[in-house]
Amino acid sequence: MKDKLLAKFYEVFGEEEKKAEVYFAPGRVNLIGEHTDYNGGHVFPCALTIGTYGVARKRIDSKLRFYSLNFEEKGIIESSIVDLKPEKEADWTNYPKGVIWAFGEKKHSIPYGMDLLLFGNIPNGSGLSSSASVEVLTGYILKDFYNFEDITNQDLALIGQYSENKFNGVNCGIMDQFAIAMGKKDNAIFLDTATLKFEYAPVVLSGMKLVIACSNKKRGLADSKYNERRSECETAVKELNAHGIEINSLGELSEEKFEEVRSYISNPVCAQRAKHAVYENQRTIKAVDALKNNDIAEFGKLMNLSHESLSKDYEVTGIELDTLVEEAWKQEGVIGSRMTGAGFGGCTVSIVKDEAVDTFIKNVGDVYKEKIGYAADFYVVEIGDGPKKLN
């Protein structure tokens, strides 16, 4: 892989005295805890062994040249480190540009441009965080190029989130960048998004696999609906505050306390959204406890409940994700299944017994194609480490 990517880099950008370097940042999947990260709750994501490869070379001028093997038809997209701003025609390169801009905002100015070739083996638009993977990758490359030793991987996550919020205008929480920057093989990250306190929890799937099903529905609605859900939750918090419930976020409420104060939220839709945020946070805490007690069956049940809540209370699933999950629940050997990511397309994640994986993929795939009219793609994945330089 490394040699192929280097060869392609030199073919696209030309050979020069200065050699290019190869880097990798993973994608991520969230096992449970969806739409809780901007609600001050807990999440439980893990980094994957699929992700984004980057070949990069520092320039001696201010020019930025980007090329993606996933969008070869777009050719080389050029820009400059001078006066960085998001531009529609810059397309996917707004993500690496945003990170370069964010480094400058955080007082780590980038003096020179670079040539960057990317190849992602994360399905695009799947909700496995290809954008966050590109952000963390870019940050890691800049850290390496300029020896920013005071920047930790956790800082890279925060810079990636800052760039997505402020440069690209997507009001995302911290989970995606954190899971990618801090990934650890065979472990998921139990993260309190309110405080950034986290612990690694081993995910021991003996005799089982993680199977991701990509719906292949393009997530056109995701960004606008994401911001809408976020605003509905903020409205719920404001109304609770107005009635003397002193919280900064819904993640601070237990299920019991929420039921006690729920009537203060006048809009029934906002109350439904708040219910999901509160209950999903508690489900995530219970799920990690179940895993620590080696109770994978209980973990699976909580995954299923998570999907039901995302479908009914948060309304972010849609027919594609619901079909994949509901069919998964009918299959032999399935421990649990739910949508993962922002929703409105993207992926599901299932825990499936080894001997049932092939049948699972065939049966769920057949029903999906018949009902939806096009195929889903399936990936049997492993939990991997965070970003690295490939020596």
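**Exercise 1. Are Phe-145 and Tyr-146 buried or exposed?**

Solution. This is a predicted model.
- Step 1: Look up both residues. Phe-145 and Tyr-146 are both buried.
- Step 2: Recall the cut-off. Buried means under 20% relative accessible area.

**Exercise 2. Describe how the rings of Phe-145 and Tyr-146 are arranged, and place them among the aromatic pairs.**

Solution.
- Step 1: Start with the total. The count comes to 19 aromatic pairs.
- Step 2: Take the two values needed. A pair of aromatic rings is described by the distance of the centres and the angle of the planes.
- Step 3: Fill them in. For Phe-145 and Tyr-146, the centres are 6.4 Å apart and the planes make an angle of 80°.
- Step 4: Classify. Planes over 60 degrees apart count as edge-to-face, and the pair of Phe-145 and Tyr-146 is edge-to-face.
- Step 5: Widen the view. Ring pairs join Phe-145 and Tyr-146 with Tyr-23, Phe-103, Tyr-140 and Phe-148 in a cluster.

**Exercise 3. Analyse the aromatic pair of Phe-178 and Phe-198.**

Solution.
- Step 1: Geometry. The centres of Phe-178 and Phe-198 are 5.3 Å apart, with 70° between the planes. This pair is edge-to-face.
- Step 2: Position. Phe-178 belongs to helix α5 (residues 175-181), and Phe-198 to strand β8 (residues 197-202). They are 20 residues apart, and the pair links distant parts of the chain.
- Step 3: Exposure. Phe-178 has 2% relative accessibility, so it counts as buried. Phe-198 has a relative accessible area of 30%, so it is partly exposed.

**Exercise 4. Which lysines lie over the faces of Tyr-200 and Tyr-279?**

Solution.
- Step 1: Over Tyr-200 lies Lys-184, 4.9 Å from the ring centre.
- Step 2: Over Tyr-279 lies Lys-275, 5.4 Å from the ring centre.

**Exercise 5. Why is strand β10 (residues 334-340) described as largely enclosed?**

Solution.
- Step 1: Count. In β10, 7 of the 7 residues are buried, so the strand is largely enclosed by the rest of the structure.
- Step 2: Find the partner. β10 pairs with strand β11 (residues 347-353) in the antiparallel sense, over 6 bridges. Gly-336 stands opposite Ile-351 of β11.
- Step 3: Check the turn. The hairpin of β10 and β11 has 6 residues between the strands, and Gly-341 takes a positive phi near 95° there.

**Exercise 6. Characterise the second largest pocket by volume and lining.**

Solution.
- Step 1: The volume of this pocket is about 160 Å³.
- Step 2: Its lining has 7 nonpolar, no polar and 4 charged residues. Among them are Lys-185, Asp-186, Leu-205 and Ile-383.
- Step 3: Strand β9 (residues 208-214) gives the largest share of the lining, 3 residues.

Note on methods
Residues numbered from 1 in each chain as written. Predicted model: local features only at pLDDT ≥ 70, side-chain atom pairs only at ≥ 80, totals over all residues. Heavy atoms only, no water. 1 Å grid on protein atoms, 1.4 Å probe; cavity = no way out; pocket = protein on both sides within 12 Å on 5 of 7 lines; lining within 4 Å. Points joined across faces, edges and corners; volume = space filled by probe spheres on them. Helix = DSSP H or I, 4+ residues; strand = E, 2+ residues; numbered from the N terminus. Nonpolar A, V, L, I, M, F, W, Y, C, P; charged D, E, K, R; others polar. Phe/Tyr/Trp six-rings, centres within 6.5 Å; stacked < 30°, edge-to-face > 60°. Buried < 20%, exposed > 50% of the residue type's maximum accessible area, 1.4 Å probe, protein only. Lys NZ or Arg CZ within 6 Å of the ring centre and 35° of its normal. Pairing = 2+ DSSP bridges.
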